[in-house]
Amino acid sequence: MPCPRQPYLNVFKKLGRLAALGQEGPVMVSTLLTPRGGARKAVTDGRGACGGTAPTRILDWGHPRVRSAARSIGMAPQEWEGPAAKVAALRHAHRWISAEIRPVYSVQEARPISQVLRLGRGSCSQRMAVLEAVARAWGIPSRVRGLVVDGTFWYPRFPRLHRLVPDQVVLAWPELRIDGLSETDHTAAPWLPVSELFGGADEARGRTRGFTNAGPETLFEALSRTSIDWDGLTACAASDGSCDLSAYLLTDLGRFDSRDELFAQHGQTLCGPARFLAEPVLGRRAAGL
């Protein structure tokens with residue numbers, strides 16, 4: 001999916017100058033630098049995604065660095081253990097990733113997680129990919145739901161740069177297969193959306209604050225303390241209703257066996273040249289700043 005070259009060359013040049021100067025200001029590329037090649041539409045053939053545990057180019061859990069990280073997280077749950085043990089292990093993995101991988105605004109969404117671990121920093125999408133890879137290394141299948149999210153969702157993080165925020169962001173939302181998961185508490189059982197890793201979709205979790213995408217907390221960290229609902233199904237305890245994010249969902253692309261498949265079919269948020277120029281700036285910029 002190519003990028004247009006004119007009249008947007010000045011945006012590329014601006015990003016290049018900032019990268020060369022080592023500046024780390026929160027600069028995003030405009031919607032005009034997103035991939036071309038047709039609108040992103042939901043798949044209508046009804047094909048289900050089975051997911052899997054095999055390594056992929058992005059989820060390269062066979063890499064020694066990834067295997068080492070999985071060992072650092074702790075002992076893998078055993079196949080004979082029930083769903084509670086597997087969910088507890090995944091929660092522990094989430095906390096480890098939160099502590100060990102610094103959140104940044106990286107735009108290279110298809111970066112192999114072995115590289116994310118080497119850098120010690122990653123975007124929310126990249127850190128969710130690490131969680132997926134650890135799950136697969138433990139024998140827990142994963143798949144992703146492709147979401148096209150309104151760019152205005154990220155406006156609070158870039159209050160002076162709204163015109164440079166993409167109008168659409170492609171989000172690979174992980175789902176993990178936990179056999180034996182309660183269908184009463186999880187309507188998608190045996191698949192567990194990452195948004196329900198720390199509580200069911202119908203739980204308010206006793207919190208008074210949802211997620212507004214403002215401040216230092218990232219979407220990845222927020223998973224552990226509040227509901228993140230893209231479908232408008234959550235009984236939200238937050239007074240502002242901010243755990244219901246369904247208003248920002250533009251298109252549900254459906255389920256994919258892996259995030260590799262999602263990006264292959266629908267592209268990443270930014271096209272290749274834009275990612276190349278933006279990454280040196282945003283890939284080191286701490287999320288929340």
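**Figure 1. Polar contact between the side chains of S106 and E279.** In this predicted model, the side chain of S106 lies 2.9 Å from that of E279, and the two form a polar contact. S106 is located in the loop that links β1 (102–103) to α4 (113–119). With a relative accessibility of 8%, below the 20% limit, S106 is classed as buried. When residues up to four places away in sequence are set aside, the residues touched by S106 are R111, S123, Q126, E279, L282 and G283. E279 thus appears both in this contact list and as the partner in the polar contact.

**Figure 2. The largest nonpolar core.** This core comprises 70 residues. Within it, L90, W173, I228 and W230 have the most contacts. Helix α5 (residues 124–137) contributes seven residues, the largest share of the core.

**Figure 3. Surroundings of W173.** W173 is among the residues with the most contacts inside the largest nonpolar core. Neighbours within four places in sequence are omitted from the following list. The contacts of W173 include the residues M128, L147, L219 and L223, together with V144 and V194. I228 and W230 are also in contact with W173, and both are likewise listed among the core residues with the most contacts. The remaining partners of W173 are R143, R145 and S195.

**Figure 4. Helix α7 and its cover.** Helix α7 spans residues 259–266, and six of its eight residues are buried, so the helix is largely enclosed by the rest of the structure. The buried positions are R259, D260, E261, L262, F263 and H266. Among the elements that cover these buried residues are helix α5 and the strands β3 (142–150), β4 (168–177) and β6 (249–256). Helix α5 is also the element that supplies the largest share of the nonpolar core shown in Figure 2. Immediately after α7, G267 adopts a positive phi of about 75°.

**Figure 5. Overview of the protein chain.** The chain contains eight helices and six strands. Read from the N terminus, the order of these elements is α-α-α-β-α-β-α-β-β-β-α-β-α-α. Of the 289 residues in the chain, 53% are buried. Among contacts with a separation of 6 or more, 72% join residues 24 or more positions apart. The exposed area of the chain is about 13100 Å², of which carbon and sulfur atoms supply 52%.

Definitions and conventions: Residues numbered from 1 in each chain as written. Predicted model: local features only at pLDDT ≥ 70, side-chain atom pairs only at ≥ 80, totals over all residues. Heavy atoms only, no water. Core = buried A, V, L, I, M, F, W, Y, C linked by side-chain atoms within 4.5 Å. Buried < 20%, exposed > 50% of the residue type's maximum accessible area, 1.4 Å probe, protein only. Helix = DSSP H or I, 4+ residues; strand = E, 2+ residues; numbered from the N terminus. Contact = heavy atoms within 4.5 Å. Polar contact = N/O pair within 3.5 Å; in protein donor to acceptor, adjacent residues only side chain to side chain. Areas by Shrake-Rupley, 256 points an atom, 1.4 Å probe, with all protein chains shown as cover.
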